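Work through the exercises below with the sequence and the coordinates open. Each task is followed by a solution in steps.

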Amino acid sequence: MKIAICDDDKRELLHISGLVNEYLSCGFTESKTEVCSFESSMRLLTQIENGIHFDVFLLDVIMPNINGIGLAAKIRKIDQVAKIIFLTSSSEFAVDSYSVGAFNYLLKPIQKNPLFSVLEKACQDILSGLKQYIVVKTPANLSKVFLHELIYVEVTGRTVCFYQKGGITLESTSTISQVEAILLLDKRFIKPHRSYIINLDYIKNLSQDGFTTTSDLFIPVSRNVYKEVKQAYINYSFQAEY
């Protein structure tokens, strides 16, 4: 995993990075983790736009050029899955954090125990999500499809197609009912149309006609389930874990 810390106050940045490294040195997470510190929101944004992926972001809210909320909004255009944790001296920004799907926010000065608790939740969520998969039967073999990489499922004729990150597609002779019986147990997945199941982590927006994914693909929504689908999308997008 990779953790990015961004704060324009150098002393605060050193303090937070020290606490994060202390947390990691205690062996709370079972995976190898890299911590990267940034004194500028623009420098972090450049890294992200150049394709560097981070699993967890610790973002100061009040920063020059692009503040933490604005930076998080830009991150969300590229990455719908990463955990974003805001660092702020005032709770007034809590409402704004919902708009970018924040995982949590911590009040400054950052204290050891609250930070450790939030990092524990974030890391466990990530590691748990990385381990979840379904087995798909293709004409050639049985293949694992990891849920965090599955963007959507589509029925085309008698074939069920699994579209994954990186342009990977698997075709199966399973039925959509067999697939939904498994996927819809996970809160990330909903069925907006009889021919589709989508992963809400990869949705950019919802219009009257359907969803647009982060890769600008269009997924239709049936009129008879639009209200329920819209509410499910709102509930998922604006959830915050404390």
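**Exercise 1. The parallel sheet**

Five strands make up an open sheet with parallel pairing, in the order S2-S1-S3-S4-S5. The model is a predicted one.

Task: State which strands are the edge strands of this sheet, and describe the pairing of S1 with S2.

Solution.
- Step 1. Strand S2 (34-38) and strand S5 (104-107) each pair on one side only, and they are the edge strands.
- Step 2. From one strand to the next, the twist averages 15 degrees.
- Step 3. Strand S1 (residues 2-6) is joined to S2 by five bridges in the parallel sense.
- Step 4. Within this pairing, Lys-2 has Glu-34 in S2 as its bridge partner.

**Exercise 2. The hairpin of S6 and S7**

Task: Determine how S6 and S7 run relative to each other, and decide which side chains of S6 are buried.

Solution.
- Step 1. S6 and strand S7 (residues 142-146) run antiparallel and are joined by five bridges.
- Step 2. Four residues lie between S6 and S7, and the two strands form a hairpin.
- Step 3. A general rule applies here: side chains in a regular strand alternate between the two faces of the sheet.
- Step 4. In strand S6 (residues 133-137), Ile-134 and Val-136 point to one face and are buried. Tyr-133, Val-135 and Lys-137 point to the other face and are not buried.
- Step 5. Opposite Val-136 stands Ser-143 in S7.
- Step 6. Tyr-133 also takes part in a charge-ring arrangement: the charged end of Lys-144 sits over its ring, 4.4 Å from the centre.

**Exercise 3. Two residues of strand S10**

Task: Classify Ser-172 as buried or exposed, do so for Leu-170, and list what each one touches.

Solution.
- Step 1. Ser-172 is found in strand S10 (residues 169-172). Its relative accessibility is 1%, so Ser-172 counts as buried, the cut-off being under 20%.
- Step 2. A polar atom of the Ser-172 side chain lies 2.8 Å from the backbone oxygen of Lys-137. The side chain of Ser-172 also makes a polar contact of 2.9 Å with the side chain of Ser-174.
- Step 3. Leaving out residues up to four places away in sequence, Ser-172 touches Val-136, Lys-137, Arg-158, Thr-159, Val-160 and Phe-162.
- Step 4. Leu-170 is in strand S10 as well. Leu-170 has a relative accessibility of 18%, and it therefore counts as buried.
- Step 5. With residues up to four places away in sequence again left out, the contacts of Leu-170 include Ser-143, Val-145, Val-160 and Phe-162. Thr-138, Cys-161 and Gln-164 are also among them.
- Step 6. Leu-170 and Val-145 are 25 residues apart along the chain, and their C-alpha atoms are separated by 8.8 Å.

**Exercise 4. Aromatic pairs**

Task: Give the number of aromatic pairs, and explain why the pair of Phe-211 and Tyr-233 is assigned to its class.

Solution.
- Step 1. Counting rings whose centres lie within 6.5 Å yields seven aromatic pairs.
- Step 2. The ring centres of Phe-211 and Tyr-233 are 5.4 Å apart and the planes stand at 75 degrees, so this pair is edge-to-face. The cut-off for that class is over 60 degrees.
- Step 3. Phe-211 belongs to strand S14 (residues 210-213) and Tyr-233 to helix H7 (residues 226-237), so the pair ties together parts 22 residues apart in sequence.
- Step 4. Phe-211 is buried at a relative accessible area of 0%, and Tyr-233 is buried at 14%.
- Step 5. Elsewhere, Phe-38, Phe-54 and Phe-57 are linked into a cluster by ring pairs.

**Exercise 5. Backbone details in loops**

Task: Find the loops that hold Pro-109, Asn-65 and Asp-216, and note the backbone geometry at each.

Solution.
- Step 1. Pro-109 is in the loop between S5 and helix H5 (112-131). The peptide bond from Lys-108 to Pro-109 is cis, with omega near -5 degrees.
- Step 2. Asn-65 lies in the loop between strand S3 (56-60) and helix H3 (68-78). Asn-65 is not a glycine, yet its phi is positive, at about 70 degrees. With 70% relative accessibility, Asn-65 counts as exposed.
- Step 3. Asp-216 lies in the loop between S14 and strand S15 (218-220). Asp-216 is not a glycine either, and has a positive phi of about 65 degrees. At 53% relative accessibility, Asp-216 counts as exposed.

How values were computed
Residues are numbered from 1 along each chain as its sequence is written. This is a predicted model: local features need pLDDT of at least 70, side-chain atom pairs count only at pLDDT 80 or more; totals for chains, interfaces and linings use all residues. Side-chain values use heavy atoms; hydrogens and water are left out. Two strands pair if DSSP finds at least two bridges between them. Axes are lines fitted to C-alpha atoms, for helices over the stretch in contact, and angles run from 0 to 180 degrees between N-to-C directions. Buried means under 20% relative accessible area, exposed over 50%, partly exposed in between (1.4 Å probe, protein chains only). Rings of Phe, Tyr and Trp (its six-membered ring) pair if their centres lie within 6.5 Å; planes under 30 degrees apart count as stacked, over 60 as edge-to-face and the rest as tilted. A charge sits over a ring if NZ of Lys or CZ of Arg is within 6 Å of the ring centre and within 35 degrees of the ring normal. A polar contact is a pair of N or O atoms within 3.5 Å; within protein, one must be able to donate a hydrogen and the other to accept it, and residues adjacent in sequence count only if both atoms are side-chain atoms. Contact means heavy atoms within 4.5 Å.
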